[in-house]
Amino acid sequence: MNGIFRSTIFLSLATFFNRILGLLRDLLLSRILGGGLLMSAWSFAWLVPNMFRRILGEGALGTALVPILTDTLEKQGVDSARKKFSTVMLWLFFLLAAITVLLSAGALIACCFIDSERWQLALFTIPVIMPYCILICSIGVFTSVLNTFRIFFLPAVMGLLPNIFMIGTVYFLLPDLMDSPLKALRVISVAMLLSGLIELIFLAIYLKKKNMLPEISKKILLNFSAVYEVWEKVLPGLIGAGALQIGTLVDGSLAMYIGDHAKAAMYYSDRLVYLPIGLFGVAFGTVSLPLLSKYVAGNRMKSMLIASFASMRQLLFIAIPMAVLTVMFSKELLAFLFLGGKFDNTALNEAHRAMFWYAIGIPFFCLTKLTVNTFYCRKNMKTPAIVSICCIGLNIILSAILMFPMKQGGITLATAFTSALHNIILLWILKKELGRMPLWGTVKFSAIILFFSGISGVAAYYSHKWILCHPEYHFLPRGIVPLMVAGGAFLFVYIVLCFVFRIHELRNVYLQIKNKLRRKK
């Protein structure tokens with residue numbers, strides 16, 4: 001458990017800087033593109049290549065490769081693992097190239113039949129941004145291979161490049177292109193392509209140092225046994241991840257149907273909600289999978305369960321209070337970060353409508369990253385896929401129903417609800433498969449943390465209300481002092497409650513920070 005948490009600290013640090021840059025990027029986008037038609041068009045076009053990143057890069061393929069390559073490295077050595085990886089990469093490139101051509105052509109054809117301006121802008125942008133799916137999926141798979149060697153920090157640092165390129169493009173080039181919206185969106189797309197290419201080159205250098213850089217030959221291409229082994233493990237997860245991204249695409253399409261602001265509102269709320277998910281959920285999931293896979297490879301199932309549930313408790317200790325705080329101050333956070341320029345009060349209210357319900361799901365979104373790993377580390381991709389497909393089908397139905405009375409808020413509420421259901425079903429199946437585990441104890445722990453977070457939220461609310469009555473702080477950036485005071489009050493009360501009632505996870509955080517400071521000295 002200490003190994004998981006220590007590595008997570010480093011990964012979270014790199015991810016933190018990436019998220020900060022991401023927020024700066026979105027802050028600039030909100031000022032220049034606003035929260036209406038133009039931003040909705042860009043966010044939908046950007047959604048398409050990212051679908052394949054989550055399926056084939058960070059999703060099923062990348063996740064399945066970790067236990068497969070871990071097993072090959074331990075039993076057959078680096079050379080065999082490299083050849084297997086090379087075969088996978090060659091076939092992945094051909095698949096992504098075909099997808100890029102087909103979707104780009106489809107978007108251009110669809111433009112002939114759609115009159116809506118926001119749809120026209122999105123569809124004309126897709127052919128320019130689609131090659132990014134080849135780059136970002138390759139980056140995701142390269143990162144998974146480096147994770148197999150327990151290299152987490154460096155790939156995360158390389159992930160800063162897309163945000164750096166985007167910030168430079170938006171700040172220096174975009175203001176002069178606003179007279180031509182389509183040209184502006186295409187310039188952003190080209191900037192993302194350049195950043196992806198440079199990031200891929202850097203990761204390839206790290207792979208070469210580990211003697212894992214893919215090689216190209218006829219023998220490698222025709223190594224169908226490697227393709228079959230990976231395909232057998234990937235297919236169920238691919239179906240599940242594909243269904244999830246289809247659900248995401250349907251949600252985006254429903255939002256585009258609602259109006260000019262809905263898709264942009266979902267984008268901005270997603271960026272804020274995904275901050276804690278990226279910082280902790282993805283980090284815990286990324287770091288835990290290689291270790292859990294190692295336990296399973298050594299037939300140490302009890303150790304796997306202990307490490308998994310200890311990670312879940314540590315994650316819930318962080319995610320639940322963050323969810324409570326985000327729900328309470330969602331509108332204030334959106335206003336502080338985005339209000340201004342072309343992002344007006346209408347855009348703010350529309351974004352808040354989406355974010356309020358979306359933030360409820362933060363603990364469940366985070367927990368999913370760990371829950372599915374208890375199946376993936378045992379090379380069981382089928383069960384999570386089946387559960388995911390069922391929950392996504394329900395999510396689409398609920399979104400289509402709730403969007404009429406609640407607009408984009410109904411879509412985000414449906415997503416949060418089905419994510420909670422997804423975790424509950426997977427944990428119930430895990431208990432049926434592996435027998436006794438601390439499931440009920442984890443539920444009780446979550447209830448305690450939620451109660452402590454509620455008390456801390458009351459303190460934060462009244463602290464925020466009190467500081468608003470003191471205008472002497474108004475010379476500082478809008479809303480920063482009330483939010484800092486509210487956050488400080490929340491954190492203080494939460495830590496005191498956890499200390500008084502001896503919550504073990506608080507001690508874990510303290511010890512890791514203490515050890516980190518000692519090493520720096």
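Helices here are DSSP runs of H or I with at least four residues, and strands are runs of E with at least two. On that basis the protein has 22 helices and 0 strands. Keep in mind that this is a predicted model.

Overall dimensions, then. The radius of gyration is 23 Å, and a compact globule of 521 residues would have one near 24 Å, so the two agree. Along the principal axes, the C-alpha atoms fill a box of roughly 70 × 65 × 50 Å. Of the 521 residues, 55% count as buried. If you take the contacts with a separation of 6 or more, 85% of them are between residues 24 or more positions apart. The accessible surface is about 23,100 Å², and carbon and sulfur atoms hold 69% of that.

Next, charge. There are 48 positive side chains and 22 negative ones. The centres of these two sets are 12 Å apart. How many salt bridges does a search of the whole structure find? The number is 9. I will go through three of them.

The pair R82 and E215 has its closest N and O atoms 2.9 Å apart. R82 sits in helix α4, residues 78-110, while E215 is in the loop between α9 (181-209) and α10 (218-221), so this bridge ties together parts that are 133 residues apart in sequence. Is R82 buried or exposed? With a relative accessible area of 12%, R82 is buried, because the cut-off for that class is under 20%. E215, at 29%, counts as partly exposed. These two residues also belong to a network of salt bridges that links D79, R82, K83 and E215.

The second pair is E505 with R313, and again the closest N and O atoms are 2.9 Å apart. This one links distant parts of the chain: E505 is in helix α22, residues 504-520, and R313 is in helix α13, residues 301-328, with their positions 192 residues apart. E505 is buried at a relative accessible area of 5%, whereas R313 is partly exposed at 26%.

The third pair is local. E350 and R353 meet in a salt bridge at 3.8 Å, N to O. Both residues lie in helix α15, residues 345-359, and they are 3 residues apart, about one turn of the helix. E350 is buried, with a relative accessible area of 16%, and R353 counts as partly exposed at 32%.

To recap the bridges: R82 with E215, E505 with R313, and E350 with R353.

Methods
Residues numbered from 1 in each chain as written. Predicted model: local features only at pLDDT ≥ 70, side-chain atom pairs only at ≥ 80, totals over all residues. Heavy atoms only, no water. Rg over C-alpha atoms; globule rule 2.2 N^0.38 Å. Buried < 20%, exposed > 50% of the residue type's maximum accessible area, 1.4 Å probe, protein only. Contact = heavy atoms within 4.5 Å. Areas by Shrake-Rupley, 256 points an atom, 1.4 Å probe, with all protein chains shown as cover. Lys, Arg positive; Asp, Glu negative; His and termini not counted. Charge placed at Lys NZ, Arg CZ, Asp CG, Glu CD. Salt bridge = Lys/Arg side-chain N within 4 Å of Asp/Glu carboxyl O.
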